[in-house]
Amino acid sequence: MGKLVALVLLGVGLSLVGERFLEFRERSNASREVESIEPENCHLIEEIENGSEDIDILPSGLAFISSGLKYPGLPNFAPNEPGKIFLIDLNEQKPRVQALEISGGFDKELFNPHGISIFIDKDHTVYLYVVNHPHMKSTVEIFKFEEQQRSLVYLKTVKHELLKSVNDIVVFGPEQFYATRDHYFTNSFLLLFEMILDLRWTYVLFYSPREVKVVATGFSSANGITISADQKYVYVADVTAKNIHVMEKHDNWDLTQLKVIHLGTLVDNLSVDPATGDILAGCHPNLMKLLLYNPDDPPGSEVLRIQNIMSEKPRVSTVYANNGSVLQGTSVASMYHGKILIGTVFHKTLYCEL
């Protein structure tokens, strides 16, 4: 009798896992193919071959690019090379990148940069906050940007027990930021289990030297995060749920959800066009192609623009789409004066004039 009960429970368990796996394939857009939509004036940026996972642009047109991310389960073409921060001046007629030197005693060999965010202080000093994964842990590194020397000076590493599986950050003040946690488990097997069962245990947290707290929960995989131009609203991408959460920011740093924009594609990082307030989303059309990388059938790329996001019917349009023949695994897109930089998790970087 005991064996029969065990077999029945095993069968029910396997049936449940199988059902959830089929749902996961559907959430992953496993059968989706991409139709190309490519602006005419585009070219790949030379020297960036190992990803440009996140991009943030100063009002002056200087863009910071994080490159070389090593992330469990995702491709990486240079596993033994440390990550880098690149700089590109979008005011140049033919923008070129340069890798920024890092001084101040920072361990560059363990640099594994993920999401980034710029903070400009009252005295116009520029700071770059970088999510880092040394030994696959999560920290936030704080650097000061030396514009004349085109370099970064390491200032501090932020650690906290809630800063786990950190994906992206958006900075509001000196050592004040929101951060997203994209997975609850760090073990590869349990991580896959979490994704298939859609546990929704990830969150957004607020960090400051005085207070650290979770301010929003219930995400399948909280990913990119950014702030509206007036700093009243926070936008959070939930990548495997294929949507963007619009959150109201309160004086105590808590967040209240106002609406959810469903996009039908897997949304990675977000940015705001400073000229229009539109949101740009770097997206993965087919997650399965990203997870099960095949160079003969690579993951495609997609960039969406969301206009009038606070209206009853926001307008969603495609800025760029490619089947992977040019750009694979898009993670971010950022605008500056009609020019757009499109970054990827592990591949190349595209520059377009719209």
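**Note on three sites in the model**

1. Aspartate 54 lies in strand β2, the run covering residues 54-57, and this placement, like everything below, is read from a predicted model. The relative accessible area of aspartate 54 is 3%, which falls under the 20% cut-off, and aspartate 54 is therefore classed as buried.

2. The UniProt record, an unreviewed entry, assigns the feature "binding site" to Asp54. That annotation may be inferred rather than shown by experiment, and a reader may wish to keep this in view.

3. Leaving aside residues up to four places away in sequence, aspartate 54 is in contact with Phe64, Ile65 and Ser66, with His114, Gly115 and Ile116, and with Asp168, Asn269 and Val332.

4. Asp168, listed among the contacts of aspartate 54, also appears among those of threonine 180. Threonine 180 belongs to strand β12, which spans residues 176-181, and counts as buried because its relative accessibility is 1%.

5. With residues up to four places away in sequence again set aside, threonine 180 touches Ser165, Val166, Asn167 and Asp168, together with Tyr203, Val204, Ala222, Asn223, Ile225 and Val236.

6. Is phenylalanine 189 buried or exposed? Its relative accessibility is 61%, over the 50% cut-off, so phenylalanine 189 counts as exposed. Phenylalanine 189 sits in helix α2, made up of residues 188-197, and Phe189 joins Leu190 and Phe193 in forming a nonpolar surface patch of about 300 Å².

Definitions and conventions. Residues numbered from 1 in each chain as written. Predicted model: local features only at pLDDT ≥ 70, side-chain atom pairs only at ≥ 80, totals over all residues. Heavy atoms only, no water. Helix = DSSP H or I, 4+ residues; strand = E, 2+ residues; numbered from the N terminus. Buried < 20%, exposed > 50% of the residue type's maximum accessible area, 1.4 Å probe, protein only. Contact = heavy atoms within 4.5 Å. Patch = residues over 30% accessible without salt bridge, like charges linked within 9 Å, V, L, I, M, F, W, Y side chains within 5 Å. Areas by Shrake-Rupley, 256 points an atom, 1.4 Å probe, with all protein chains shown as cover. Salt bridge = Lys/Arg side-chain N within 4 Å of Asp/Glu carboxyl O.
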